[in-house]
Amino acid sequence: MDLRNTFLQGDALERLQCIPADLVDCIVTSPPYYLLRDYGVKGQFGLEPTVHDWVDGMARVFDEAARVLKPSGSLWLNLGDSFSRHRRFGALPKGLLLAPERLLLTLADRGWLVRNKVIWAKTNPMPTSVRDRLNLTYDYFYLLVRSRRYFFDLDAIREPH
């Protein structure tokens, strides 16, 4: 199956299940953050009843990502956090939900190696009306792999001195 230059649209879990195992070199993704947006799609990720349910759903997707990723492949995951509005979501109101950390711990338990946590500094962030905490002016990119030996080309991303 040749999927080069192919755009797969639809439910991430369903689309990944259509891809043969050990086919993909690199996955770059930014799944919906928990409790941040309503895309108006039934069953969408990000609006689960609790952050734990969100982690469970995301982990199922990344189980499929692990299946399609070559042993030498890598996953780049852009993921930010959100704030709880009620204890029922998984944290005290106004507290960070720690959704990325919860997901990363789950993925590590499922065999992923979390290799890096890269800060994406937003130099021109959206203003916030919140007055009792700092504005979040960053997101994280995480590099995850499935094996100790994987393809990584530092020279391709290195900035010259």
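Okay, one definition before anything else: when I say buried, I mean under 20% relative accessible area, with exposed being over 50% and partly exposed in between. By that yardstick, buried residues make up 32% of the 161 residues in the protein chain. And please keep in mind that what's on the screen is a predicted model.

So, the general layout. We've got four helices and four strands in the protein chain. Reading from the N terminus, the order goes α-β-α-β-α-β-β-α. If you box up the C-alpha atoms along the principal axes, you get roughly 50 × 45 × 30 Å.

Let me go to the helix pair, α2 and α3. Packed helices, two at a time, are described by the angle between their axes and the distance between the axes. Here, α2 covers residues 51–68 and α3 covers residues 99–109, and their axes come within 10 Å. The crossing angle is roughly 45 degrees. Angles under 35 degrees would count as roughly parallel, and 65 to 115 as roughly perpendicular, so α2 and α3 end up oblique to each other. As for the hand, α2 and α3 make a right-handed crossing.

Which residue of α2 should you click on here? I'd start with Ala59, which sits in helix α2. Ala59 counts as buried because its relative accessibility is 0%. Now look across to Thr106: Ala59 and Thr106 are 47 residues apart in sequence, yet 7.1 Å apart in space, C-alpha to C-alpha.

While we're on α3, have a look at Glu101, which is also placed in that helix. Its relative accessibility is 29%, so Glu101 counts as partly exposed. Going C-alpha to C-alpha, Glu101 and Gly80 are 9.7 Å apart, with their positions 21 residues apart in sequence.

Right, salt bridges. How many does a search of the whole structure find? Six. I'll take you through three, including one inside a helix.

Number one on my list is Arg110 with Asp63, whose side chains meet at 2.3 Å, N to O. This pair links distant parts of the chain: Arg110 is in the loop between α3 and β3, Asp63 is in helix α2, and they're 47 residues apart. Are these two buried, exposed or partly exposed? Arg110, at 36% relative accessibility, is partly exposed, and Asp63, at 32%, is partly exposed too.

Next, Glu64 and Arg67, a salt bridge at 2.8 Å, N to O. This one stays within helix α2: the two residues are three apart, so about one helical turn separates them. Glu64 has a relative accessibility of 15%, which means it counts as buried. Arg67, with 29%, is partly exposed.

And then there's Asp132 with Lys94, whose side chains come to 2.3 Å, N to O. Asp132 is in the loop between β3 and β4, and Lys94 is in the loop between β2 and α3, so this pair ties together parts that are 38 residues apart in sequence. Both partners, Asp132 and Lys94, are exposed.

Stay on Lys94 for a second, since there's something in the backbone as well. Lys94 isn't a glycine, but it has a positive phi of about 75 degrees. It's in that loop between β2 and α3, and its relative accessibility of 59% is why it counts as exposed.

Where else does a positive phi turn up in a residue other than glycine? Have a look at Asp22, with phi near 55 degrees. Asp22 belongs to the loop between α1 and β1. Its relative accessible area is 46%, so it's partly exposed.

Last stop, the surface. There's a nonpolar patch made of Leu96, Leu98, Ile119, Leu136 and Tyr138, and together they have about 420 Å² of accessible area. Let's zoom in on Ile119. You'll find it in strand β3, residues 113–121. Is Ile119 buried or exposed? Exposed, because its relative accessibility is 57%, and the cut-off for that is over 50%.

So, to recap what I'd have you look at: the oblique, right-handed crossing of α2 and α3, the Arg110–Asp63 salt bridge linking distant parts of the chain, and the nonpolar surface patch that includes Ile119. That's it from me.

How values were computed. Residues numbered from 1 in each chain as written. Predicted model: local features only at pLDDT ≥ 70, side-chain atom pairs only at ≥ 80, totals over all residues. Heavy atoms only, no water. Patch = residues over 30% accessible without salt bridge, like charges linked within 9 Å, V, L, I, M, F, W, Y side chains within 5 Å. Areas by Shrake-Rupley, 256 points an atom, 1.4 Å probe, with all protein chains shown as cover. Salt bridge = Lys/Arg side-chain N within 4 Å of Asp/Glu carboxyl O. Buried < 20%, exposed > 50% of the residue type's maximum accessible area, 1.4 Å probe, protein only. Axes fitted to C-alpha atoms, helices over the stretch in contact; angles between N-to-C directions. Parallel < 35°, antiparallel > 145°, perpendicular 65-115°, else oblique. Left-handed = near helix turned anticlockwise from the far one by under 90°.
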